[in-house]
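Visitor: Got a minute to walk me through this one? I'd like to start with the cavities.

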Amino acid sequence: MKKRLLALLLASMMLTGSLAACSESPAQGDDTSAAETTPEVTTEPEETKLPSGLPEDKKLNGFTITFYGKNTKGAYAEEETGDLINDEVYARNRRLNEQYDFNIVEILPANQTDPTKEILATVQAGDDAYQVLVDGPNRFVSYINGGLLYDMSTLKYQNYSQPWWSEDINKSLSFQNKVLMSCNSFMLSSRSWIYHPMVNIDLLEANGMKMADYYNMAREGTWTTDEFIKMIKKGNADLNGDGVRDHNDRFGFETEAYGGYVLAIGTGYAIANKDDKDMPIITAATEEGVSLWDKLVNEIFSDRNSFLCVTDIVGVDSIWTTATNMMKNSQIMVQISTLGDGWREYEINYGILPVPKATPEQEKYYHTGSSYNLPVMAVPKIVQNPDEISFALEAMAYDSYYNLQPKFYQNYLETKLARDKESVEMLQIIHSTIMMDPGAAYNWGGYLNRIYNNVKLRENGLVTHHASNSEKAAKAIEDMVKAVTE
């Protein structure tokens with residue numbers, strides 16, 4: 001059913017892409033016929049929708065659910081503005097208010113770096129001012145260690161097996177099947193802020209490659225790290241002829257240290273995995289994991305001709321602005337970053353690809369976001385109306401799956417955030433394979449910091465780090481599990 005829905009969404013996106021392409025030059029590649037043909041659009045019949053599981057006659061009698069935190073796009077809209085996504089959120093909230101009689105409020109504090117830290121003392125004091133907290137997973141570590149979060153698997157109306165809940169994220173972050181943080185269909189930023197390759201198509205094709213070939217690899221499951229390495233070795237140039245590789249030149253690949261970690265995630269690597277009892281186990285320095293990082297360091301990160309780490313940039317006011325401008329100025333062929341909203345202003349012709357797999361035989365792609373910024377939701381244990389909160393969350397997620405989510409993909413093309421229908425197709429592959437590595441989310445033993453250094457320093461220090469920190473990590477896991485289960 002889930003695959004069928006995605007296919008139907010794509011069909012509607014193809015129509016939008018055709019209309020948008022009429023006023024634009026066709027993207028380079030072998031096949032531009034899609035821009036000239038209007039495909040048949042299939043609408044999902046009402047009777048094929050999955051049931052919500054909610055009592056249709058339920059009334060919450062004016063209950064207000066308050067969201068607090070950051071990256072809450074998709075939860076609340078104050079008024080209609082003419083923006084496709086904003087207006088659908090506004091319409092959904094009105095529908096739910098009329099049907100179930102509850103209200104939705106959003107509080108976005110000025111501190112959008114670590115907003116939940118500001119109210120930790122408030123929650124500890126038992127204040128029920130905020131029903132749903134939204135922040136990056138790592139920001140909730142203090143809450144978890146303090147035993148402050150509700151086990152959302154015990155909430156009355158949640159059904160995490162349904163496609164409007166992000167099952168892989170929920171399972172990644174649980175302990176002994178206790179769901180302390182969760183994600184669902186109305187949390188749009190959890191899709192917008194996923195890391196993946198962004199490709200300058202014109203630069204790629206000027207160097208003898210075809211974007212259509214890479215789209216096909218991604219569809220067929222043959223898009224691998226080896227293909228990625230071959231891609232980024234082309235297109236490098238010493239633009240100013242000074243013999244020094246720096247931000248004045250052109251590179252095949254640029255990313256921040258976290259983007260290097262994302263490449264490892266794409267191969268199925270994880271700092272921590274789960275056993276059959278849903279208990280975390282550190283797997284960062286297994287023989288297979290160490291071998292993977294040897295390959296990434298030796299074949300990608302150590303090649304200063306083709307790879308530029310953002311932290312390599314020196315002598316500028318802002319390394320982040322400089323890195324962005326390099327992509328805009330066609331000095332970078334591939335950048336691993338998040339799509340967010342900023343790319344809409346780029347004049348370059350870019351495409352989107354999944355993070356490459358280790359081998360074609362790998363079962364699926366894997367994608368992730370920042371453990372500090374990818375939004376997940378948590379419910380404080382001290383809330384006074386857990387049943388009402390549960391009902392509201394399920395109703396919002398269900399409605400958004402069928403109404404908001406299709407417009408989310410439509411918006412990519414209509415606003416030129418995605419430049420071609422193939423990129424929307426790639427985004428749907430990406431968004432269907434999102435996970436969180438619990439070892440990165442909770443950073444037990446500082447393994448994520450060591451991985452940052454693997455990328456920035458071009459050396460694989462996992463074995464040494466593991467020898468010094470494995471016991472510390474095990475103790476941190478033990479303490480966190482006790483806080484959750486006792």
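Guide: Sure. The second largest cavity is lined by Phe67, Asn71, Thr72, Lys73, Ala75, Val134, Phe186, Met187 and Met377. Cavity here means a set of points on a 1 Å grid over the protein atoms alone where a 1.4 Å probe fits but cannot get out; lining residues have an atom within 4 Å of a point.

Visitor: Before we go on, what sort of model is this?

Guide: A predicted model: local features need pLDDT of at least 70, side-chain atom pairs count only at pLDDT 80 or more, and totals for chains, interfaces and linings use all residues. Residues are numbered from 1 along each chain as its sequence is written, and side-chain values use heavy atoms, with hydrogens and water left out.

Visitor: OK. How much space lies in the second largest cavity?

Guide: About 50 Å³. The volume is the space filled by probe spheres set on the points, which are joined across faces, edges and corners. The structure holds 2 cavities of 30 Å³ or more.

Visitor: How does the lining divide into nonpolar, polar and charged?

Guide: 6 nonpolar, 2 polar and 1 charged. Ala, Val, Leu, Ile, Met, Phe, Trp, Tyr, Cys and Pro count as nonpolar, Asp, Glu, Lys and Arg as charged, and the others, Gly among them, as polar.

Visitor: New topic. Is strand E5 buried or exposed?

Guide: Buried, meaning under 20% relative accessible area (exposed is over 50%, partly exposed in between; 1.4 Å probe, protein chains only). 5 of the 5 residues of E5, residues 251-255, are buried, so the strand is largely enclosed by the rest of the structure. Strands (E, at least two residues) and helices (H or I, at least four) are DSSP runs, numbered from the N terminus.

Visitor: Which strands does E5 pair with?

Guide: E9 (residues 332-338), parallel, over 4 bridges. Also E8 (residues 307-309), parallel, over 3 bridges. Pairing needs at least two DSSP bridges between the strands. Phe253 stands opposite Val334 in E9, and Glu254 has Leu308 in E8 as its bridge partner.

Visitor: And helix H9, which residues are buried there?

Guide: In H9 (residues 211-220), Met211, Tyr214, Tyr215, Met217 and Ala218. Down the axis they fall within an arc of 160 degrees, so they line one face of the helix. That arc uses directions from the helix axis to the C-beta atoms.

Visitor: What follows H9?

Guide: Gly221, with a positive phi near 80 degrees.

Visitor: Last one. Where does Asp128 lie?

Guide: In the loop between helix H4 (120-124) and strand E3 (132-135). Asp128 is partly exposed, at 22% relative accessible area.

Note on methods: On a 1 Å grid over the protein atoms alone, a cavity is a set of points where a 1.4 Å probe fits but cannot get out, and a pocket is an open set with protein on both sides within 12 Å along at least five of seven lines; lining residues have an atom within 4 Å of a point.
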